[in-house]
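Colleague: I am new to this one and would love a close look at a single part, with a walk outward from there. Could you take me through it slowly and explain your terms as you go?

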Amino acid sequence: MVSINGLSKTYKEHKAVNSISFDIEKGRCIALLGPNGAGKTTTLQMLAGLLTPTSGSIEFAGYEKKDYRPLIGFLPQHPSFFNWMTPREFLQFAGELSDVPKKQLNARIEETLAFVSLQDVKNKKIGGFSGGMKQRLGLAQALLHEPELLILDEPVSALDPTGRRDVLELIDQLKSKMTILFSTHILHDAEQVCEEILMLKDGELKWNGTLEALKVEFDSLAIKLQTQEPIGTFLEQLDYVEDVKYNDLTTATIALSDLSKTNELLQEIIRQNTTLVHYEMLQDSLEDAYMKVMER
Ligand SMILES: Nc1ncnc2c1ncn2[C@@H]1O[C@H](COP(=O)(O)OP(=O)(O)OP(=O)(O)O)[C@@H](O)[C@H]1O
C-alpha cells in the first residue's frame, strides 16, 4: 500500500532518520519499536505529512495526487485539545479540517464517539477529562475521516493500565478495517496487537519483518534440568544438544540445535534411569529478541 524509500531527516548535523526503506502492506498492523531518540516520532511525522523529509520518498500505490494526507489518520504523541470545547465540538472542528462531507459529518461523529465510548460525555468540557478519555478522543479525531492508514505515536505510553487496555482493545478492533502503524516502547503491547515489527536505532532500521520471523530468527530454546542423582555426561553425546552448562552436579541448562527434540530429550533422561526433579523450557521473549537486534 505504501512504499518508503531512502527516507531521511537531518537536523543541522544530526541524522535523526538515516535512509530507511520499507513497505507497508494493506491490512497489516505494524509496531515501530526503538529506544528514546531512535527516530520513531520523526519517521511517523514524515509519514503523516507533518514534517518534510530531507530526502527519500513516500508513495501510496495507485494514488496519483502528491498530497496523500486525506488517506492518513494521525494521533500525535501529545495530542492537544481546546479545553473549553466538548468532544462533539472538537470532532466537528476536526471533521471540517479533514474534509468529511457535511452531510455525513454528524453521523460519523456519533458513530466514532460510540466506538471510543465517549457518547455519554459528548457535551461535557474536554478540560475535565482524564488522560485515557483524552487519548480516546484523540483516536476518534484520527478515525473520523475513515483513513486508509492510521498512524499512532505512542498511543498508550502515558496511560494507566486500564486506559492502556482500553486503547489497545480499540486498536485491535480497528485492525480489520484499516492498516495501522504505531510506535511504542512497550514490547508486550506490540506483541499483543501486531503481526509485523519495525525496529529503529540511531535513525537506522534494524529489523523489518513479521513478529513470527523475528521469533524464529532470534529464538533459542534452552531446557533447564534438575535431577536427583548426578546427571553424568550423556547429554553431551546427543547430536541435537548444542551446549550444556552445569550449575552443579544435578542442575544443567541445555541449548538445543533442533527445537523439535524436546520430547526426545525427555525420553533419553528417563532411559538413563535418572529421577527428574525439574524440567523447564526457557524460550526467548520479544524482549530478548529486541535486545539482540539492538546489540547486533
Ligand atoms: N526539531 C528537532 N530539532 C533537532 N533535533 C531533533 C528535533 N526533533 C528530534 N530531534 C532529534 O532527533 C532524534 C530522534 O528524535 P525522535 O523524537 O524522532 O525520537 P523517538 O524515537 O521518537 O524518541 P522518544 O521515544 O523519546 O519519543 C533525537 O536525537 C532528537 O533529539
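**A close look at one helix**

Modeller: Helix α1 is mostly covered, with eight of its eight residues buried. Buried here means that 20 or more other C-beta atoms, placed from the backbone, lie within 10 Å of the residue's own (12 or fewer is exposed, and in between is partly exposed). Please keep in mind that this is a predicted model, where local features need pLDDT of at least 70 and side-chain atom pairs count only at pLDDT 80 or more, while totals for chains, interfaces and linings use all residues. Residues are numbered from 1 along each chain as its sequence is written.

The buried residues of α1 are Lys40, Thr41, Thr42, Thr43, Leu44, Gln45, Met46 and Leu47. Helices are DSSP runs of H or I with at least four residues, strands are runs of E with at least two, and both are numbered from the N terminus. After α1 comes glycine 49, with a positive phi near 80°.

Now to the ligand. Around it sit Tyr11, His14, Ala16, Gly34, Asn36, Gly37, Ala38, Gly39, Lys40, Thr41 and Thr42. Two elements, β2 (14-24) and α1 (40-47), each give two or more residues to this shell, and α1 supplies the largest share, three residues. By class, the shell has three nonpolar, seven polar and one charged residue. Ala, Val, Leu, Ile, Met, Phe, Trp, Tyr, Cys and Pro count as nonpolar, Asp, Glu, Lys and Arg as charged, and the others, Gly among them, as polar.

Stepping back, the protein chain is divided into domain 1 (2-216) and domain 2 (219-295), with bounds from an automatic or database domain assignment. Their centres, taken over C-alpha atoms, are 42 Å apart. Eleven residues from domain 1 and seven residues from domain 2 take part in the contact, where two residues touch if their C-beta atoms, placed from the backbone, lie within 7 Å. On the side of domain 1 that touches domain 2, the elements giving two or more residues are α6 (187-193), β8 (196-201), β9 (204-210) and α7 (211-218). That side of domain 1 holds seven nonpolar, no polar and four charged residues.

One last pair of helices: Lys215, Leu214 and Phe218 of α7 meet Asp288, Ala289 and Lys292 of α9. These contact residues divide into three nonpolar, no polar and three charged.

Notes. Near = placed C-beta within 6 Å.
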